[in-house]
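Q: I am new to this structure and would like to be walked through it. Could we begin with a term that will come up often?

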Amino acid sequence: MNDLLRLKGSFESAPSSASGGRPSIPKGQVVTLEHIMSLVNDISSVIAFWDEVAIDVRPLVCVYYDRVIAKSNRVKRLLGSSDGKASERIVGAKYDIATNLKRRHVITYCVELAELRGTERLLSECAAIIKSSFGCKLTDEDLNSVSQNGLPGYSGPLCKSTFAQAIKDSFYAQRFGIPENIEGDSPDLAFVTLYATGRDTYELLREVGIDDLVKSRVLGTSVLLTREQFIKLRLRAPYLVAMELDDASDWVGEDFGATDGVFPDIPSPSNEPVIGVIDTPFDERVYFADWVEYESRLDGAIQVREEDREHGTSVSSIIVDGPALNRDLEDDCGRFRVKHFGVATKARCSSFTVMRQIKEIVADNPNIKVWNLSLGSELETRINSISPEADILDRIQTQYDVVFVVAGTNRTSLSQSRIGAPADSINAIVVNSVDRDGTAAEYARSGPVLSFFGKPDVSYYGGTKERPIRTAAPFAPVTASGTSLAAPWIARKVAYLIYKCGLTREIAKALIVDSAIGWKNEPADPLLGYGIVPKSIKDVLRRRNDEIRFVLNGVACRYSTYAYNIPIPMRDGKFPYVARATLCYFPGCDRNQGVDYTSTEMDLHFGRLFETRTGTSVKELNGNVQGTMGAHLNEDDARTFFRKWDSVKHISDKLTQRVRPHKTYIEGSNLWGVKILTTERADRPNSKKHLPFGLVITLREINGVNRITEFKQQCMARNWIVNDVDIDQLVDVYEAAEVDIDFDDE
């Protein structure tokens with residue numbers, strides 16, 4: 001078996017060379033006077049509405065686009081944005097399904113009333129110009145002529161660039177309207193998120209007439225409201241509500257049953273790594289109690305029953321001693337210590353309270369880098385919004401450099417298909433359950449999240465009725481099945497990779513995902529995510545003798561981050577390999593942006609080098625044309641085929657019987673390259689300018705030859721530092737580093 005290799009070297013970086021060009025519309029398209037006048041009427045109606053609103057708040061206006069709209073084609077000059085930064089005014093985004101079942105964007109902007117009036121005047125002036133100079137219809141050729149030569153026969157104050165941008169904005173915008181986003185009935189306790197209008201949430205709601213609001217129930221632009229308060233808000237200011245959901249969560253638990261047998265022997269803990277567990281309370285009478293530090297974060301008035309401890313205790317038993325309890329699931333990771341926090345009981349609980357607790361727990365325990373969260377809501381997630389539980393996890397992971405492993409939530413009825421919170425977390429590793437033969441468990445459910453993101457990420461063995469997972473109760477082993485019992489197995493592997501192997505969380509996540517994918521030529525079952533993670537950590541880290549697997553980590557700080565000096569051994573002037581690559585990163589996220597939730601996009605390009613008129617570039621494995629000069633790709637296709645805006649990217653050759661060696665595009669050159677193109681939705685405070693990433697690359701020699709020694713030698717000749725990730729050696733180093741040394745005072 002070949003060890004995983006870790007390559008360390010310098011990535012180059014460069015800004016984008018794109019100039020943006022003049023405003024234009026697609027070839028052969030037109031903008032009609034009728035459409036411009038329709039937009040004028042829409043804006044007039046919006047102005048009339050806000051003129052009647054007594055609440056002191058900046059107006060909210062929705063732009064209904066005709067497609068999933070790219071950042072470059074969203075309104076820039078309309079809505080009063082003379083600086084062209086209308087994207088900074090976006091406070092919400094959702095998908096509207098057209099009559100042909102095609103997704104299209106509805107984006108909400110927060111602007112000044114004076115800017116709305118300015119948009120009305122601008123559109124009216126554009127309409128007059130189209131009517132007088134272009135015969136009531138402006139073509140793409142007309143617009144190009146205006147951009148170059150100016151407006152024919154026009155002597156008014158409107159400059160050609162403003163006119164051209166306003167026409168381009170109008171082409172993509174179908175209509176304007178007022179936000180309408182109230183879903184469902186009024187729950188007893190509603191977790192409500194308001195649009196970010198710049199007003200203090202507490203003061204704004206008092207102005208609406210909700211005088212009995214408790215300040216401790218306000219969290220940013222979100223607030224916990226009683227049924228009566230929510231009804232009052234819906235009646236008086238429904239346009240302020242971006243999202244709402246029932247705050248009382250029915251956590252999806254497991255049913256535990258007795259089983260035969262005795263507990264395995266367990267030594268005393270020493271210097272083993274610590275995994276954080278946030279769950280129901282822990283029962284300190286179990287046989288492995290010395291391995292767990294328990295802290296209750298429950299209100300002292302809550303009475304904890306015996307059954308309230310079952311779930312949390314079982315989860316921690318797997319993390320500490322899972323393979324000893326389940327011999328057929330030996331993962332070679334050893335044992336782990338646990339710091340266990342009890343935040344919920346088996347009964348219904350407040351999501352608002354749990355979210356506050358999770359943030360405080362992680363902040364108070366900065367040394368814990370891996371967290372297991374096996375609590376999950378029975379309710380399905382919403383189509384157009386991330387759950388507040390997932391949002392808090394995503395923000396915590398961005399802020400504190402930690403990774404959450406989250407259970408994929410269980411299906412409790414046939415009507416449920418979409419996952420529950422917080423399994424819609426984008427940054428977390430979400431785990432579903434399979435039976436021992438690799439089939440999705442009958443209780444598994446899946447995404448997509450926000451109609452786009454695939455969840456779960458991976459699957460593992462969580463037990464079935466026929467073959468449940470063996471866990472621990474105070475006085476005897478018990479059995480159960482569920483995604484809650486699949487997640488801790490993955491938490492063990494992630495902790496091994498981070499604590500014992502010294503890998504970054506980005507590389508650890510990429511390795512977990514990549515090991516689940518393997519060389520599949522067809523997409524996995526959505527219920528499985530990317531696939532089933534191998535049982536043994538050795539199979540995550542080590543590869544066959546005919547495979548070279550290496551990892552790279554870097555930081556994207558400019559548009560292009562690249563390394564064009566990866567030497568790949570050749571045979572007879574060709575590359576006898578199939579290749580695959582998996583990229584992972586943890587982007588900033590913003591729940592207020594709705595379906596445009598992730599703030600950063602990393603576009604992965606990996607393959608052989610070739611020469612262009614402007615220099616060296618990469619021939620991508622998957623034919624990715626994003627970022628290529630002159631290439632045109634609509635936003636929906638970019639998201640579907642190249643996973644634009646997803647935080648996990650995977651590209652691969654197909655491994656078939658007919659596979660042939662790759663040719664070189666530069667005669668005599670054995671170099672391949674990696675290029676990562678990074679873009680931000682907008683210059684928002686939570687957008688990270690220096691964002692780490694982890695990349696896993698695997699090469700399989702199609703003739704079965706082991707070329708890893710040759711690869712290492714060539715990499716070192718190219719100034720790469722090459723380290724073997726040797727499991728046994730790394731564990732020895734970790735254990736030696738963690739030994740407590742007593743110094744003799746004498």
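A: Certainly. A residue is called buried when its relative accessible area is under 20%, exposed when that area is over 50%, and partly exposed in between. Please note that this is a predicted model.

Q: With that in hand, is Glu-701 buried or exposed, and why?
A: Glu-701 has a relative accessible area of 2%. Because buried means under 20%, Glu-701 counts as buried.

Q: Which residue does the Glu-701 side chain meet in a salt bridge?
A: The partner is Arg-707, with an N to O distance of 2.8 Å. Arg-707 has 12% relative accessibility, so Arg-707 counts as buried as well.

Q: Why would two such side chains pair at all?
A: Side chains of opposite charge can pair when their charged atoms come close.

Q: How many salt bridges does the structure hold?
A: There are 38 salt bridges. One of them joins the side chains of Asp-328 and Arg-436, at 2.7 Å from N to O. That pair links distant parts of the chain, since the two residues are 108 residues apart. Asp-328 sits in the loop between helix H7 (310-325) and strand S17 (337-342), while Arg-436 sits in the loop between strand S21 (429-434) and strand S22 (458-461).

Q: And is Asp-328 buried, exposed or partly exposed?
A: Asp-328 is partly exposed, because its relative accessibility is 32%.

Q: What about Arg-639 and Glu-635: how are they placed relative to each other?
A: They are 4 residues apart in helix H13 (residues 635-642), which means that about one helical turn separates them. Their side chains form a salt bridge with an N to O distance of 3.1 Å. Both Arg-639 and Glu-635 are buried.

Q: Which residues are linked with them in a network of salt bridges?
A: The network links Arg-639 and Glu-635 with Arg-74, Asp-596, Lys-644 and Arg-681.

Q: Let us step back to the whole protein. How many helices and strands are there?
A: The protein has 15 helices and 35 strands. Its C-alpha trace spans about 90 × 75 × 60 Å along the principal axes.

Q: What does the radius of gyration say about 746 residues?
A: The protein has a radius of gyration of 28 Å, and a compact globule with 746 residues would have one near 27 Å, so the two agree. Buried residues make up 57% of the 746 residues.

Q: How much of the contact pattern joins residues at least 24 apart?
A: Among contacts between residues at least 6 apart in sequence, the share is 82%.

Q: And what about the surface: how much area does the protein expose?
A: The exposed area is about 30,800 Å², and carbon and sulfur atoms supply 47% of it. As for charge, the protein has 91 positive and 103 negative charges, whose mean positions are 7 Å apart.

Q: Could we look at single residues again? Where is Thr-561, and which residues does it touch?
A: Thr-561 lies in strand S26 (residues 560-567). With a relative accessible area of 1%, Thr-561 is buried. Not counting residues up to four places away in sequence, Thr-561 touches several residues, including Phe-11, Glu-12, Ser-13, Val-674 and Phe-693.

Q: And where is Glu-180 found?
A: Glu-180 is in the loop between strand S8 (173-177) and strand S9 (189-194). Glu-180 is exposed, with a relative accessible area of 63%. Glu-180 and Tyr-239 are 59 residues apart in sequence, and their C-alpha atoms are 6.1 Å apart in space.

Terms used. Residues numbered from 1 in each chain as written. Predicted model: local features only at pLDDT ≥ 70, side-chain atom pairs only at ≥ 80, totals over all residues. Heavy atoms only, no water. Salt bridge = Lys/Arg side-chain N within 4 Å of Asp/Glu carboxyl O. Buried < 20%, exposed > 50% of the residue type's maximum accessible area, 1.4 Å probe, protein only. Rg over C-alpha atoms; globule rule 2.2 N^0.38 Å. Contact = heavy atoms within 4.5 Å. Areas by Shrake-Rupley, 256 points an atom, 1.4 Å probe, with all protein chains shown as cover. Lys, Arg positive; Asp, Glu negative; His and termini not counted. Charge placed at Lys NZ, Arg CZ, Asp CG, Glu CD.
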